[in-house]
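Q: Please take a close look at one helix of this model and at the strands that cover its buried side. I would like a connected account that goes from the helix itself to its surroundings.

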Amino acid sequence: MSMLARIAEILEREGMIEELAELRRLEGTARAAEAHQQTIAEVTRALLESEKTYRLVFSHEMDPMSLFEPGTGKILDVNDAWLSLYGYTREEALSMRVMDVSAEPADTRARIARLETGGTTRINVRWHRAKDGTVFPVELTAGSLMLGGREVMYASMRDVNQRQSVERALTRTAKSFRALIESMPDGVIVHRHGELVYLNPSARRMLGYADDEDVRGRPALELVHPDDRESVARRVTAIITHGTVAPLLEERLVRRDGRALVAEIAGIGVEFDGEPAVLAIARDVTERKKMERELVMNDRLASLGRLSASVGHELNNPLAYVLGNVSLLERELSRGEVLGVDRVERCLRYVRTIAEGASRMRHVVHDLKTLARADVEERVAVDIQHLLDVCANMAEHEVGPRARLHKEYRAKATVRGSEARLGQVFLNLLINAAQAIPPGAPEDNEIRIVLREERSRVVVEIADTGNGIAAVDRDRIFEPFFTTKEGVGTGLGLSISHGIVTELGGT
């Protein structure tokens, strides 16, 4: 804060309206007259020459100040900040000369001599000595002014020890910060104005850059997959414009050799090498995503494995009457007689039954393929009613001995997503519902499937009359490997279902 600003603050705080108005007038004059070499320092001196203003400023000034005689350097007055800095009493100070607190007295005498002609001088760091012998650096502003009709000298000191300590601390902090990000296992990418500034060793390894390769000045978006650049640019703009922290999000990056990888990235605005920049922390999750996909697929196959008896039943029934009707048809045709109308009708009936059975088996196989399909990333229009029917058919053997299955489709709903993944969710929920009900009394229990629309959302509800989940366990149902069905479930079904629904934009 400048001397004028400090004076204005003190005058305003003390309610000295007239003096504050005079300060503003003089300040305006100084600004307007800069072309004629009239400076703010001269205005300050004019204000200080007012005894009342001088006393007020002198006593309130946070920086140490002294008033002394020209030539001799005898101290005439000091403020409380001066006494605190040098450690003397007021009586001791008034018996001293300014050279007595200087660790460079000869230099101080020469500077006082040059000040006698008037004006204000800013002196760079000099060394002073406190009463206890401590030597410390100060910055000085000194000059002359008329006070009570008498020319006196004044000096304002600022102890730079604290500032230098802060600067050293900042330097140490900057070095520690650099050492921290250098050793981080996650990649750190720093860019400014759209250009790369820094990659830490982990980021270089992740993206395929050599340790000594200079990346500074390259476009930062070159590291981002072309399909993700627009969204990344929006996130960076939000960080710069609003100072927001970009939350963790999956983005695709591009290695130096052109191969893509999936990374979880968070961004924040920082000061790097003394200038504002954007720092992004990136974690390569390509392998983890691959394992997650395998885990999802394994869980789906495990669900189908649990339903293998149902699948076998679904295939065996039509297969039995297909084979039976084939035998009958073969016997009719093997007689070698001319076929009459009745026998032709019987043969046609056998053929229709065979076709019906084959069609039923084809549907079972299709349902199996739908639920076991590996192309889980494909997003298409999914008929939810049809998919619920498929899952209900697959779970029939699990549900049948335990409950009646009631379907209530209130809407013909289509959503965009993965048929295989959504089928996995519904199948998991149906199996869970069935396993919550002991077998043996299906007429007393019910599993209800409700499909409806709610505003712009499609809602699927699967409810059962089973035992439910204990209150103590409800907060844990989506935890991986948490299960209340020891020896029956893996504890992954609901966790994976939750992940699938969330990834597809649902809840």
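A: What follows describes helix H10 and then the strands around it, with a short look at an aromatic group at the end.

The model is a predicted one, and the statements below should be read with that in mind. Helix H10 comprises residues 229-242, and because a rise of 1.5 Å a residue should give these 14 residues a span of 20 Å, the 20 Å between its end C-alpha atoms agrees with expectation. Within H10, the residues Val232, Arg235, Val236 and Ile239 are buried. They cover an arc of only 95° around the axis, and therefore they lie on the same side of H10. The spacing fits a general rule: an α-helix has 3.6 residues a turn, so residues three or four places apart point the same way. On the face of H10 turned away from this buried side are the exposed residues Glu230, Arg234, Thr241 and His242. After the helix comes Gly243, which has a positive phi near 70°.

The cover over the buried residues of H10 includes S6, S8 (246-254), S9 and S10. Among these strands, S9 (residues 260-272) and S10 run antiparallel and are joined by 10 bridges, with Glu264 having Arg283 in S10 as its bridge partner. The hairpin that S9 and S10 form has 2 residues between the strands, and in this hairpin Asp273 takes a positive phi near 55°. S10 (residues 275-284) is also joined to S6 (residues 187-192), in this case by 5 bridges, and these two strands again run antiparallel. In that pairing, Gly187 stands opposite Ala282 of S10. S10 is thus bridged both to S9 and to S6, and S6, S9 and S10 are each included in what covers the buried residues of H10.

Elsewhere in the model, a search of the whole structure finds 4 aromatic pairs. One of them is the tilted pair of Trp82 and Tyr86, whose rings lie 4.5 Å apart centre to centre with 35° between the planes. Both residues belong to helix H5 (residues 80-86), where they are 4 residues apart, about one turn of the helix, and both Trp82 and Tyr86 are buried. Together with Tyr88 and Phe136, Trp82 and Tyr86 form one aromatic cluster.

Terms used:
Residues numbered from 1 in each chain as written. Predicted model: local features only at pLDDT ≥ 70, side-chain atom pairs only at ≥ 80, totals over all residues. Heavy atoms only, no water. Phe/Tyr/Trp six-rings, centres within 6.5 Å; stacked < 30°, edge-to-face > 60°. Buried < 20%, exposed > 50% of the residue type's maximum accessible area, 1.4 Å probe, protein only. Pairing = 2+ DSSP bridges. Expected span 1.5 Å × (residues − 1). Arc of directions from axis to C-beta. Contact = heavy atoms within 4.5 Å.
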